[in-house]
Amino acid sequence: MKARWTIPRNKVSMPNNDLSRSFTMSRPSQRTYQPGVDKERFQVLQSEAAHLERKEIELVSQISALSEALVSVRSTLSTTRMRASECAKRISPAARVPDETLLAIFKEAVSSQDVCSRTRVESAISCVSHRWRRIALHTPWLWTWVCVTPDADKRDMQLHLLRSAALPLDVEVWGWWDYRDSFTRPHHFEHTLAAVLPSASRWRRIKIGASCDTLLTSLSFILRTVGPLDALQQVAFKAQQPGQICPTTLLMGKSAPNLRSIDVENIVLTARSPCLHNHDFNCFIGVTHLTLRLHEGDARTLKTTTELQGFRALLLRMPSLVSLSLYGELVCVKSVTSLEDQGNITLPRLQTLILHPNTVRPRYLRNLIAMVNAPGLRHFELVYPDSFTQGQDISDLLIKKGCEQPTPRFPLVERLVLNNAANMTSAAAFIRAFPGVDQLTISGADVGIFNLPTWEVTGGSWRTISRLILRPSQRDRLTTVVDWLDAMTSNGEHQAPLVQGPITDCPAMLHLYEELKRYTQIELLDMDSK
């Protein structure tokens, strides 16, 4: 008999949830269609869409209105700012200064700044305001002074080279007191110098000073190998200390074919000096100004004395020389015999001769003056140190010897500068030696020139002086000038010269000015006491 299985209707087993869910999703939707509900939902959505469209139109309208308002506000703001700026210019004195005046002030500040300053003036100016920066960046001249110092920043030097455009550069190497600074400072000497060497073709002026012998030798070698310095016109050297000698290679010679000015300290020249031993007489053909100095403290030091043969050889290579200045006893002319052996030095184009001995009793000054022949000289300057001891008398050398009548050696001199040089005895000789003087500069030690008996002897040949400059030294003696002016203008035939003097609060000088005002016009100058 077969078994019979039955499944109760109310006890059918259900599958698990996952299987049921899968089965339900795979089956077609059996939702009942409800037309009333869907129609209501459509109306709601349609109403919301219409509301959003109206909101969009409203916002677009607001954006358009705000854009127009923004344009109007910006225009009004620009006009208001311009009016405020114009008002500020009328209120602020600094803002009223023209660009040209500011530029003149900037140039003066840049040219007078300390070479050792860590912050360059031109860089500081460019950071003050937009206006100052605009002026600084559009003026390449402000960036033409490049300083190579131990504290110099390589990036700052490169910035100067960039902002200076293609203008000539003034390069100054200064402050390398000790060769160890080259290692303890942020940058090595040669590394710092290398930043400016690519611009060597633009160098117009190079000044070297306050550097030790080791780095000075290195610099001399680098300058010899950097190539022709075609734009270089001026070379200057200042010794670090007494006894330091200027390398003769710094005179450049053929390396600078357009060199015009040499101003060096403690140069030692002999007939065997490297720059003179060859027979090339054109190496200094363009030089017009030569200034040789003895470092302060090197008085009567043979180590820094130039031999006569070397000095003469240097001048012979400068046929275009216009100005010769000697500060200190640099040239050793030991005897008249050596003068006769060498002969005179004729400088046909020389117009300015400046002599500043560092002592009132120089050893070689008379011999040096005796050997210089400058027929076209226009400016003669002899300045001894301020002292109550009279400077060495050289007046007899200013008159040609062997002539029946006193004949001046420098008859065309128009500007004469004397300091502690003319006493009562030599005054007449100075007046005869320079008959055409138009501008005279003296100190109180030289008032013997205005001694009335002296003028009677010379016939008053200096009545054509148009300008008289008084130095502040021994000011108490300058009262003699008042008597001279009184005698010269008493008959009304001669006009008193313009008198210039130093700005001072000295009672004696102020009283002198009051006395001089009776005869002539007085101008006060900011004069160096030296």
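**Backbone, strand and cavity features of the predicted model**

Ala-210 is found in the loop that connects strand E3 (203–209) with helix H10 (213–225). The model described here is a predicted one, and this loop is a good place to begin a tour of it. The phi angle of Ala-210 is near 55°, a positive value in a residue other than glycine. Most residues other than glycine have a negative phi. Ala-210 is also buried, since its relative accessible area is 3% and the cut-off for a buried residue is under 20%.

A companion case is offered by Asn-266, which is not a glycine either but has a positive phi of about 55°. Asn-266 belongs to the loop between strand E5 (261–265) and strand E6 (289–293). With a relative accessibility of 0%, Asn-266 counts as buried.

Attention now turns to strand E11 and its neighbours. Strand E11 spans residues 352–356. Five of the five residues of E11 are buried, so this strand is largely enclosed by the rest of the structure. In a regular strand the side chains alternate between the two faces of the sheet. In E11, Thr-352, Ile-354 and His-356 point one way, while Leu-353 and Leu-355 point the other way, and all are buried.

Strand E11 has pairing partners in E8 and E13. Strand E8 (residues 323–327) runs parallel to E11 and is joined to E11 by five bridges. Within this pairing, Leu-326 stands opposite Leu-355 of E11. Strand E13 (residues 379–383) likewise runs parallel to E11, and four bridges join the two. Here Thr-352 of E11 faces a partner in E13, as Thr-352 stands opposite His-379.

The cavities come next, and they lead back to E11. The count comes to two cavities of 30 Å³ or more, and the largest cavity holds about 120 Å³ of space. Strand E11 (352–356) and helix H13 (365–371) are the elements that give two or more residues to the lining of the largest cavity. Among the lining residues are Leu-355 and His-356, together with Leu-365 and Leu-368. Leu-326, which stands opposite Leu-355 in E11, is also part of the lining. Further lining residues include Gly-328, Leu-330, Val-331, Pro-357, Pro-362 and Tyr-364. By residue type, the lining of the largest cavity divides into nine nonpolar, two polar and one charged.

Glu-329 is another residue of this lining, and it deserves a closer look. Glu-329 lies in the loop between E8 and strand E9 (331–332). At 13% relative accessibility, Glu-329 counts as buried. Glu-329 and Leu-368 are 39 residues apart in sequence, and their C-alpha atoms are 9.8 Å apart in space. Leu-368, too, belongs to the lining of the largest cavity.

Aromatic side chains add some further detail to the picture. The count comes to five aromatic pairs. Phe-380, Phe-410 and Phe-434 together form one aromatic cluster. Two tryptophan rings each have a basic side chain over them. The charged end of Lys-107 sits over the ring of Trp-141, at 5.4 Å from the ring centre. Arg-163, in turn, lies over the face of Trp-143, 4.7 Å from the centre of that ring.

The last stop is Leu-524, a residue of strand E18 (residues 522–525). Leu-524 counts as partly exposed because its relative accessibility is 46%. The C-alpha atom of Leu-524 is separated by 9.8 Å from that of Ile-469, a residue 55 positions away along the chain.

How values were computed:
Residues are numbered from 1 along each chain as its sequence is written. This is a predicted model: local features need pLDDT of at least 70, side-chain atom pairs count only at pLDDT 80 or more; totals for chains, interfaces and linings use all residues. Side-chain values use heavy atoms; hydrogens and water are left out. On a 1 Å grid over the protein atoms alone, a cavity is a set of points where a 1.4 Å probe fits but cannot get out, and a pocket is an open set with protein on both sides within 12 Å along at least five of seven lines; lining residues have an atom within 4 Å of a point. Grid points are joined across faces, edges and corners, and a volume is the space filled by probe spheres set on the points. Ala, Val, Leu, Ile, Met, Phe, Trp, Tyr, Cys and Pro count as nonpolar, Asp, Glu, Lys and Arg as charged, and the others, Gly among them, as polar. Rings of Phe, Tyr and Trp (its six-membered ring) pair if their centres lie within 6.5 Å; planes under 30 degrees apart count as stacked, over 60 as edge-to-face and the rest as tilted. A charge sits over a ring if NZ of Lys or CZ of Arg is within 6 Å of the ring centre and within 35 degrees of the ring normal. Buried means under 20% relative accessible area, exposed over 50%, partly exposed in between (1.4 Å probe, protein chains only). Two strands pair if DSSP finds at least two bridges between them.
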